[in-house]
Amino acid sequence: MSLLARFIAANQRLSKTAEDRLPARFKRHIQTLYKYKAAELVNRRPGQVVLDIGGGKECPFLPYLDAPHAHLIIALDLSEEELRRNRQLEGKIVADAASHGFPVRDGSADLVLSRSVVEHIRDNGAFFANCARVLRPGGFMIHAFPGKFAPFALINKLLPNRLARRLVANLHPEWREEDNYGFLAFYDRCYFSAVRDLLDSNGFENLRFDFLYYQSIYFNFFFPLYLLMLAYDLIASVLGVRNLASGIVVTAERSLDKPCRATALGAILA
């Protein structure tokens with residue numbers, strides 16, 4: 001083990017000792033919160049059409065479904081290569097979720113889901129408009145994404161993508177196996193007030209926001225910096241500054257209108 005690796009490991013152990021003293025609710029992981037909430041929405045009733053945007057590689061909520069085969073679950077991703085890696089699903093669509101030629105029929109989906117996708121989209125106005133269009137009236141969507149003004153996101157936005165990937169790989173070698181870090185991020189309107197306005201303008205109602213503030217884990221490679229970031233996270237959380245949340249999980253319902261039905265992949269393709 002190199003000197004740098006030993007240094008990082010020692011600082012991570014110190015950071016972990018401090019983390020263990022934090023309340024469980026404060027340090028809960030956005031991906032964990034998302035997969036349970038997504039599964040809860042899918043499990044509400046059988047026979048739902050579920051569009052998992054960014055569903056390349058895997059659908060993390062699948063193991064928590066009561067009857068996964070009772071639904072039509074379709075993974076949509078910009079990358080055909082990523083979709084090939086997802087062996088959990090047969091229904092797959094290669095498409096840009098923010099494009100004006102989004103190839104999904106109006107009102108054909110019961111649920112639209114995404115995790116760690118919104119921050120990578122250049123135009124979230126177009127993205128949420130597409131979500132609204134493809135959802136049936138009364139359908140739900142849930143999205144989990146990092147906040148634009150979190151310190152790690154600000155740093156990620158400032159650094160060239162190649163350098164950011166290299167830093168993450170070296171400072172967090174334990175994340176290399178996940179192979180899902182360092183993608184180019186734009187953080188377009190990825191904060192509470194902007195997302196709320198986007199949802200309101202696209203006819204969504206019954207909005208539910210879950211805010212997470214613990215992002216100092218990104219800085220656990222250097223214990224003093226971790227403590228500084230932890231102080232920031234705790235202050236932002238106590239004050240409830242929602243635009244400074246490091247992670248957001250939003251659930252919203254499409255306003256009611258005349259429903260329609262689709263029961264097969266071909267029936268939802270535009």
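Me: Where does Val49 sit?
Reply: Val49 belongs to strand β1. Strands are DSSP runs of E with at least two residues, helices are runs of H or I with at least four, and both are numbered from the N terminus. Bear in mind that this is a predicted model: local features need pLDDT of at least 70 and side-chain atom pairs count only at pLDDT 80 or more, while totals for chains, interfaces and linings use all residues. Residues are numbered from 1 along each chain as its sequence is written, and side-chain values use heavy atoms, leaving out hydrogens and water.

Me: Is Val49 called buried or exposed, and why?
Reply: Buried means under 20% relative accessible area, exposed over 50%, and partly exposed in between (1.4 Å probe, protein chains only). Val49 has 1%, so it counts as buried. Its C-alpha atom is 6.0 Å from that of Ile73, 24 residues away along the chain.

Me: Ile73 also lines a pocket, right? What makes that a pocket, and how big is it?
Reply: On a 1 Å grid over the protein atoms alone, a cavity is a set of points where a 1.4 Å probe fits but cannot get out; a pocket is an open set with protein on both sides within 12 Å along at least five of seven lines. Ile73 lines the second largest pocket, along with residues including Leu62, His69 and Glu90, and lining residues have an atom within 4 Å of a point. The volume is about 220 Å³, where grid points are joined across faces, edges and corners and the space filled by probe spheres set on them is counted.

Me: How many disulfides are there, and how do you know?
Reply: The count is zero. Cys131 is in none, as its nearest cysteine sulfur, that of Cys190, is 13 Å away. Cys190 is in none either, with the sulfur of Cys131 at 13 Å. A disulfide needs two cysteine sulfur atoms within 2.5 Å, so 13 Å doesn't qualify. Cys131 is buried at 1%, and Cys190 is buried at 0%.

Me: What makes Asp210 and Lys37 a salt bridge?
Reply: The rule asks for a side-chain nitrogen of Lys or Arg within 4 Å of a carboxyl oxygen of Asp or Glu. Asp210 and Lys37 come to 3.3 Å, N to O, so they pass. Asp210 lies in strand β6 and Lys37 in helix α2, so this pair ties together parts 173 residues apart in sequence. Asp210 is buried at 4%, and Lys37 is buried at 17%. The two also join Arg208 in a network of salt bridges.

Me: How many salt bridges does the whole structure have, and why does Glu58 with Arg115 qualify?
Reply: There are twelve. The closest N and O atoms of Glu58 and Arg115 are 3.1 Å apart, so the pair meets the rule. Glu58 is in the loop between β1 and β2 while Arg115 is in strand β4, so parts 57 residues apart in sequence get tied together.

Me: Why is Glu58 called partly exposed but Arg115 buried?
Reply: Glu58 has 33%, so it falls in the in-between class. Arg115 has 19%, so it ends up on the buried side.
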